[in-house]
Amino acid sequence: MPTETGYDPSLGDKFVFVTGGVMSGLGKGITAASLGRLLSNAGFDVTAVKVDPYLNVDAGTMNPYQHGEVYVLKDGGEVDLDLGNYERFLDADMTSDHNVTTGKVYQEVIERERAGDYLGKTVQVIPHVTDDIKRRIREAAEGSDVCLVEIGGTVGDIEGMPYLEALRQFSHEQEEEDILFAHVTLVPDSKNGEQKTKPTQHSVKELRSIGLQPDILVGRNPERLEESVKEKIALFCDVPTDAVFSNPDVDDIYHVPLVLEGEGLDEYVMSELAIDDRALPASERSTEWRDLVTRDTEGEVDIALVGKYALEDAYISIHESLKHAGLHERVDVNVRWVDSEKMNDEHRERLESADGIVVPGGFGSRGIEGKLEAVRYAREHDVPFLGLCLGFQLAVVEYARNVLGLEGAHSAEIEEDTPYPVIDLLPEQYDMEDLGGTMRLGAHDTEIEPGTLAHEVYGDTSCTERHRHRYEVNPEYIDDLTSDGLTFSGHAGNRMEIVELDSHPYFLGTQFHPEFRSRPGRASPPFVGLLQSVLAETEVTA
């Protein structure tokens with residue numbers, strides 16, 4: 001039954017909590033997602049929760065330099081990029097409830113206090129905050145066989161303390177066989193190449209001082225952990241030697257499940273959670289993932305990604321979508337970073353030597369002219385092109401400027417005083433004041449014109465894709481824009497969703513973000529279409 005704080009401790013079945021030690025960015029999310037893939041292969045219904053200890057309510061207003069890509073869920077949730085990894089590895093759609101932030105938790109607790117729901121009690125971190133954390137995790141886990149819960153940050157971070165306390169309480173509420181604590185930690189090399197265990201020992205000591213004893217330790221090192229190192233970690237961290245696992249560096253993150261399977265992590269977890277008797281026999285487990293990520297390729301292509309953030313995490317879903325399209329077409333895709341602010345130096349050469357061009361989404365004026373130049377180059381030189389969200393809008397701006405002759409045409413979002421606002425707010429957006437959560441977000445349907453490139457790409461007269469934008473193609477300019485060769489082939493009411501250029505081998509722009517629905521075994525159609533056009537136009541390098 002729910003407690004007085006609204007927390008129902010009966011929800012959920014089996015839980016695996018994944019914490020990290022020594023330093024951030026070790027790959028907790030990939031480790032957890034890979035374990036989830038293996039449990040899913042064994043026949044279990046797996047879900048995941050990402051806990052982010054920051055005070056932001058969601059990731060929507062965060063700069064990609066701070067936290068990487070803002071990933072968008074089907075329900076419109078703007079969340080941490082690790083949710084993208086969970087969706088791709090588990091081939092499942094998450095919801096906003098699968099991303100817990102300190103902002104969400106404190107907002108809920110304060111609103112309930114203001115409403116008098118706590119009946120005059122002193123509202124404290126324990127039990128009110130910790131109970132709300134547990135409530136959110138358990139509600140997200142409801143209906144699944146196993147829920148993987150990744151705690152962001154590093155053990156010892158002050159902002160993560162309420163979450164670790166909530167996990168400590170979890171261990172008292174849950175039967176021993178229903179909960180596992182997995183700790184991912186760095187095992188660095190010394191200058192002479194020796195794998196050092198001291199950072200792991202200190203990290204586990206910190207965890208134990210909070211009242212948490214890890215059941216599983218996953219060591220991150222460029223190579224597999226030596227057996228003697230595993231034994232030393234086990235001795236000093238009070239876990240069995242067979243509970244210490246290696247997670248070495250790999251060329252492709254999609255190989256991590258194969259590595260962890262070889263280490264026996266999935267079998268150990270199933271045994272400890274007492275679900276091994278419910279697992280599919282090894283001979284009946286899905287091998288689709290392994291078959292997909294290990295099959296031979298037949299060449300490689302170069303795709304220019306034209307953006308302003310010089311880090312892969314800012315465009316991780318696009319990187320992965322290109323990789324998925326490569327798996328579909330059996331080619332390796334080399335993504336070439338082109339800095340849109342440096343189009344006049346060597347980055348121009350990178351653009352012109354690429355087989356295809358992608359201009360991604362984004363906000364703000366920085367690097368815009370470089371992106372417009374990339375669009376123009378693709379249009380004038382028949383280079384296969386894909387524009388996403390802002391890239392779609394800039395394709396419209398570039399056409400208005402350089403084909404229609406509307407000098408100074410622009411998006412009103414970037415240039416408020418443009419004489420030709422071919423991209424502008426729709427009337428229903430004029431009164432918006434707050435930025436967070438006020439855009440057109442999440443999955444929406446698009447109607448596709450028969451006989452168009454978009455129709456060929458999607459193989460249907462409609463599609464459902466995820467959005468994250470506020471500005472639209474200005475309806476006042478549509479007749480001029482479509483008078484000679486430009487076609488808006490996808491619509492949602494009065495909103496233009498897909499643009500294409502008739503006399504071009506592949507020139508496609510989407511107001512939505514198809515990269516958010518791409519999966520290794522279900523590549524996004526616009527990305528597949530881009531690669532198919534590249535392969536048709538060029539000789540693939542063997």
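**View 1. Leu 486 and its bridge partner in strand 20 of the predicted model.** Leu 486 has Leu 501 as its bridge partner in strand 20. Strand 19 and strand 20 (residues 495-501) run antiparallel and are joined by six bridges. The two strands form a hairpin with two residues between them, where Gly 493 adopts a positive phi near 65°.

**View 2. Strand 19 and its pairing with strand 16.** Strand 16 (residues 440-448) runs antiparallel to strand 19, and two bridges join them. Opposite Glu 447 stands His 491 of strand 19. Of the seven residues of strand 19 (residues 486-492), six are buried, so the strand is largely enclosed by the rest of the structure. In general, the strands of a sheet pair through backbone hydrogen bonds, in either a parallel or an antiparallel manner.

**View 3. An open sheet of three strands.** The strands are arranged in the order 14-15-18, with mixed pairing. Strand 14 (410-411) and strand 18 (472-473) lie at the edges; each has a single partner strand, so one side of each is left without a neighbour in the sheet. Strand 14 pairs with strand 15 (residues 421-424) in the parallel sense, over two bridges. Ser 411 is placed opposite Ile 423 of strand 15.

**View 4. Helix 15 packed on the sheet.** Helix 15 (residues 390-402) touches strand 14, strand 15 and strand 18. The direction of helix 15 makes an angle of about 170° with that of strand 15.

Note on methods: Residues numbered from 1 in each chain as written. Predicted model: local features only at pLDDT ≥ 70, side-chain atom pairs only at ≥ 80, totals over all residues. Heavy atoms only, no water. Pairing = 2+ DSSP bridges. Helix = DSSP H or I, 4+ residues; strand = E, 2+ residues; numbered from the N terminus. Contact = heavy atoms within 4.5 Å. Axes fitted to C-alpha atoms, helices over the stretch in contact; angles between N-to-C directions. Buried < 20%, exposed > 50% of the residue type's maximum accessible area, 1.4 Å probe, protein only.
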